[in-house]
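User: Could you take a close look at one part of this model for me, the salt bridges around one helix, and set it in the context of the whole chain? I would be glad of a connected account rather than a list.

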Amino acid sequence: MTTTKSKVVYNPVFTDGAEFRIPTFKLLKQDGSLYKGAKAPELDKDKALRIYRAMVTTRILDERMLAAQRQGRLSFYMQCTGEEAAVIGSTAALDDADMIMAQYREQGALTYRGFSIDEFMNQLFGNELDYGKGRQMPVHYGSRKLNYMTISSPLATQIPQATGYAYGQKLAGEGHCTITYFGEGAASEGDFHAALNMAAVHRVPVIFLCRNNGYAISTPAAEQFAADGVAPRAYGYKMDVIRVDGNDILAVHEATKEARKLAVEHNRPVLIETMTYRLAAHSSSDDPSGYRSKDEEAVWREKDPILRMRLWLERKKWWSEDDEKQLQENMRREVLETMKRAQKRPPPALDTLVSDVYDEVPPGLAEQFDKLKAHIRRHPDEYPKTAEQAKGGA
């Protein structure tokens, strides 16, 4: 049984959805000017500069930390490079009390909300000030105070979690929503479909933002799905949907602002597909030269979202060459100095390995922990960072 009345026909009629062509919403050209007929969103100078600084900070952090990984200082890193507008533009359109459930390339959202370079570095190096106490891989950030759910490695699990969290927000009735980010590769997971169906049936205030960056690691979009991208899938769940130029900061911001209204004021979940490109490798373990050309990358470098916004700011007389130089110099210096401090901090206390899970450490786990400490005492040279902590005991 369907929820709507279907038209009756007397000959077999098959449809493949080709009649649904979703347009791409754009406002800003690459030279910083608006398209003819486009209207810029209501974005004041202070907020625009906050967005831009977050974009530049994210790019500089990514460049420096990838270099640190190549130098052996970090085990792993993932960059947001090329997708800053999709992430930061959408975050800026939310209320700071809205929940963010990210995948692993949304450090720009944290930057915009005020996550410090110190906080980034503490997590990346897993030192004693890391909120996760060194238990997570690098780039698995989380911040309770900034309403940013801690990232987990399994792909797409955050999508149904976002639906569930948004259901709780609906019941609370405090006017908040949840946004969840994921790539078009994650949209091929079953969790994606389960989440959209639950959100539509229960009418919860959630925004599903797909960063369609062209590749699921090394698999191009053309080999992932035959349909017109990810956006048309919303029709199957009777959900509001919009496709946006993901490198256009103004369009992303405006689309997300309107999506939030639908979610919060009408409990209508929304799917946003941002069309963008991953300029960097999938991760520090990936070599994109094996599956895409330099010419292809060069085309997208000409569509750099940061340059596009900078040119718009300059047209409005809100930014200058001197401002850019000062921001670049200050941020590069801060990132380097903060990284050096974070590296020198000691690791989390050894007993944090077994804390925070149970109210009282159960006997079996305590026994394992004692054996671990004994092992470290026998081989102190192999565990220089924790050997001192393991002294004493049986």
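**A close look at helix α9 and its surroundings**

Analyst: Happy to help; let me begin with a residue inside the fold and then work towards the salt bridges. At 8% relative accessibility, Thr57 counts as buried, because the cut-off for that class is under 20%. Please keep in mind throughout that this is a predicted model. Thr57 belongs to helix α1, which spans residues 45-70. Beyond its neighbours within four places in sequence, Thr57 touches Thr111, Ile117 and Met331. Met331 is a useful pointer, as helix α10 covers residues 321-344, and that helix also takes part in the salt bridges described below.

Now to helix α9 itself, which runs over residues 305-315. A general point helps here: side chains of opposite charge can pair when their charged atoms come close. Within the helix, the side chains of Arg310 and Glu314 form a salt bridge, with N and O 3.0 Å apart. These two residues are 4 positions apart in helix α9, about one turn of the helix. Their surroundings can be compared by accessibility: Arg310 is buried, with a relative accessible area of 16%, whereas Glu314 is partly exposed at 24%.

Arg310 has a further partner in Glu321, and the closest N and O atoms of that pair are 2.8 Å apart. Glu321 lies in helix α10 and Arg310 in helix α9, so this salt bridge ties together parts that are 11 residues apart in sequence. Glu321 is exposed, with a relative accessible area of 54%. Taken together, the buried Arg310 pairs with the partly exposed Glu314 and with the exposed Glu321.

The end of the helix brings in another pair. Arg315 forms a salt bridge with Asp31, with an N to O distance of 3.8 Å. This pair links distant parts of the chain: Arg315 is in helix α9, while Asp31 sits in the loop between β1 (24-25) and α1, and the two are 284 residues apart. Asp31 counts as partly exposed because its relative accessible area is 38%, which falls between the 20% and 50% limits.

Stepping back, these pairs belong to a wider set, as the count for the model comes to 31 salt bridges. Elsewhere, Glu83, Arg105, Glu106 and Arg211 are linked in a network of salt bridges. As for charge overall, the chain has 54 positive and 55 negative charges, and their mean positions are 2 Å apart.

The chain as a whole contains 11 helices and 9 strands. Of its 394 residues, 49% count as buried. Among contacts with a separation of 6 or more, 74% are between residues 24 or more positions apart. The radius of gyration is 23 Å, which agrees with the value near 21 Å for a compact globule of 394 residues. Along the principal axes, the C-alpha atoms fill a box of roughly 80 × 60 × 45 Å. The accessible surface comes to about 19,800 Å², and carbon and sulfur atoms account for 51% of that area.

For a contrast with the buried Thr57, consider Ala222, which is exposed at a relative accessible area of 73%. Ala222 is placed in the loop between β7 (219-220) and β8 (240-245). From Ala222 to Tyr104 the C-alpha distance is 23 Å, with their positions 118 residues apart in sequence.

Methods:
Residues numbered from 1 in each chain as written. Predicted model: local features only at pLDDT ≥ 70, side-chain atom pairs only at ≥ 80, totals over all residues. Heavy atoms only, no water. Buried < 20%, exposed > 50% of the residue type's maximum accessible area, 1.4 Å probe, protein only. Contact = heavy atoms within 4.5 Å. Rg over C-alpha atoms; globule rule 2.2 N^0.38 Å. Areas by Shrake-Rupley, 256 points an atom, 1.4 Å probe, with all protein chains shown as cover. Lys, Arg positive; Asp, Glu negative; His and termini not counted. Charge placed at Lys NZ, Arg CZ, Asp CG, Glu CD. Salt bridge = Lys/Arg side-chain N within 4 Å of Asp/Glu carboxyl O.
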